[in-house]
Amino acid sequence: MTAGTGSGPEAEPGGADGVGDGDDIVAGKGAGRGAGAVAGAVKRGGGGGERPVWSRDFALFFVARAVARLGDTMLPVALAAGLLEHGYGAGAVGLAMASTAAAFAGLVVFGGVIADRFSTRKLMIGADLVRLGTQSLAAALFFTGHVVLWEICAIGFVNGVAGAVFQPGVASTVPRLASDIQGANGAIRIAESAAQLAGPAVAGLLVGFTSPGGVFAAHAATYAVSALCLLLLRLPPLAPGSREPGHGSGAFKADLVEGWREFRSRTWLWGVIAVWCFYMIAVWGPTVPLVATEVVQQHGPRAYGLVNSALGAGTVVGGLLALRLRPRRMLRAGAIALFAFAGFPATVGAGLGVPAMAAGAAVAGVGMSFWGVMWATSVQTQVPPDVLNRIHAYDVAGSLAMMPVGQALAGPAAAALGADHVLLVAGAMSFVVPISLLLVPAIRGLVRADAIPVGPSGASAVSDAAIRERACPQES
């Protein structure tokens, strides 16, 4: 998951200008840009009704994201069933999945630079068409019985590259389609959560009635639907004054460096990512594999399916709450909601019954989903549009970087301490994460962009000093 993607390490991706924690103004970019950025954020990201959530174009983007997410949640079932059927073991399944994850995590930062230099819609359509081709090829391999592990891994690697090109554009598309950015993110989160609930079940039915090749064919079809929706999509033009990207290898490197500089200049942004690296190592990384192992061994696969369904249902509820609640300090509210995640690993580690584990998973899903919407909306409204894709790419890469470490350490830690104790520790660390977020003034004090009033002429109605104070309270 990115620091803002709700169900976990997924990631899944002009936006509204905004002020971060004030560091960009202090660093010499000028108070004028700060005031204008706030004004732009209100115009594009507030509730002014210029582009309400449910327009034709947002509906197309909504369908594209929901259908693609449905396909993505079907893929693990297809890989596991298909590779096991052809004589491979769990290690081969993990290697096939890792090939995609490695390509995505390693290249998404470069994808962010590319997305800021070219049409994001065309890049996303191209990435979907590439994955339509690769998954169709995988379906043909499984239908014909010609399944070679290196070929499946190569297909996964290409999918990861395509995902790295696709994902950064997601962040900049939402603010261009809807004026209510938080509402749009909440709606997308609900759709993705519902797809996550339905995907494994649909994949299981397809495996039963056809074969793993049928799941790959269905997955390919979801990319075709996504590409068609994006093809029909009409994005409004970028805001006047957006920077024209340079060309050539030197300009590419300069864009990459500028993205890093913009990322580093916002304490609230890199602060969250730093905490999220710890979260991936100490909480999410060990929780996912150990919960699966403990629940399946003690209560059976049906119980694990129930717990997973409860987690997904909770994320739907969290998305609905995010549609209704409009906190002034979004990251503070989201961090408070994150305390709820402790219920997921703690109930399993404590050896409670299936109903209690399902309840803990549901509560955890609510907290994670609410945080995800608060985080995504903050990034999309506080970051200037000409660097938003690169910032989102750094967000995704930083959030995912430590997940494999946490997963790799889960087994040795469980062998040394016992899986139940590791899960209890993960539950305790689930409190440390939001406390750490709340201890950073730039994170807990970040004011939502549309909370700063704008005058009739479009200029900020508050002074530059007030903007800086709202965006970055004095750190103690």
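In this talk, a residue is called buried when its relative accessible area is under 20%, exposed when that value is over 50%, and partly exposed in between, with a 1.4 Å probe and the protein chains only. The structure before you is a predicted model, in which local features need pLDDT of at least 70 and side-chain atom pairs count only at pLDDT 80 or more, whereas totals for chains, interfaces and linings use all residues. Residues are numbered from 1 along each chain as its sequence is written, and side-chain values use heavy atoms, with hydrogens and water left out.

Let me start with the overall picture. The chain contains 19 helices and zero strands, where helices (H or I, at least four residues) and strands (E, at least two) are DSSP runs numbered from the N terminus. Of the 476 residues in the chain, 55% are buried. The area that the chain exposes is about 17800 Å² (Shrake-Rupley method, 1.4 Å probe), and carbon and sulfur atoms supply 69% of that area.

I turn next to salt bridges. Side chains of opposite charge can pair when their charged atoms come close. The criterion applied here is a side-chain nitrogen of Lys or Arg within 4 Å of a carboxyl oxygen of Asp or Glu. How many salt bridges does a search of the whole structure find? The search returns five, and I shall discuss some of them.

One of the five joins Arg65 and Glu192, whose closest N and O atoms are 3.6 Å apart. This pair links distant parts of the chain, since Arg65 belongs to helix 3 and Glu192 to helix 7 (residues 181-209), 127 residues apart. Are these two partners buried or exposed? Arg65 has a relative accessible area of 3%, so this residue is buried. Glu192 also counts as buried, because its relative accessibility is 8%.

A second pair consists of Arg326 and Asp180, with 2.6 Å between the closest N and O atoms. Arg326 sits in the loop between helix 11 (301-324) and helix 12 (330-338), and Asp180 in the loop between helix 6 and helix 7, so this salt bridge ties together parts that are 146 residues apart in sequence. Arg326 has a relative accessible area of 39% and is therefore partly exposed.

A further salt bridge brings together the side chains of Glu262 and Arg266, at 2.7 Å from N to O. Both Glu262 and Arg266 are buried.

The next topic is internal space. A cavity is a set of points, on a 1 Å grid over the protein atoms alone, where a 1.4 Å probe fits but cannot get out, and its lining residues have an atom within 4 Å of a point. Grid points are joined across faces, edges and corners, and the volume is the space filled by probe spheres set on the points. The second largest cavity has a volume of about 90 Å³. Its lining is formed by Leu75, Leu79, Ala96, Thr100, Gln135, Ala138, Phe142, Ile152, Ile155, Gly156, Asn159 and Phe216. Two or more of the lining residues come from each of helix 3 (56-85), helix 4 (90-117), helix 5 (120-144) and helix 6 (149-177). Which element gives the most to this lining? Helix 6 does, with four residues.

Helix 6 deserves a further remark. Phe157 is found in this helix, and with a relative accessible area of 44% Phe157 is partly exposed. Leu177 is also found in helix 6, but at 3% relative accessibility Leu177 counts as buried. The C-alpha atoms of Leu177 and Trp54 are separated by 9.1 Å, although these residues are 123 residues apart along the chain.

Several other pairs invite inspection on the screen. In helix 5 lies Gly133, which is partly exposed because its relative accessibility is 38%. From C-alpha to C-alpha, Gly133 and Ala221 are 9.9 Å apart in space, against 88 residues in sequence.

Leu400, in helix 15 (residues 388-401), is buried at 9% relative accessibility. Leu400 and Ala101 are 299 residues apart in sequence, and their C-alpha atoms are 9.0 Å apart.

Finally, Ala376 is located in helix 14 (residues 354-382) and is buried, with a relative accessible area of 17%. Its C-alpha atom is separated by 9.1 Å from that of His392, 16 residues away along the chain.

Technical notes. 1 Å grid on protein atoms, 1.4 Å probe; cavity = no way out; pocket = protein on both sides within 12 Å on 5 of 7 lines; lining within 4 Å.
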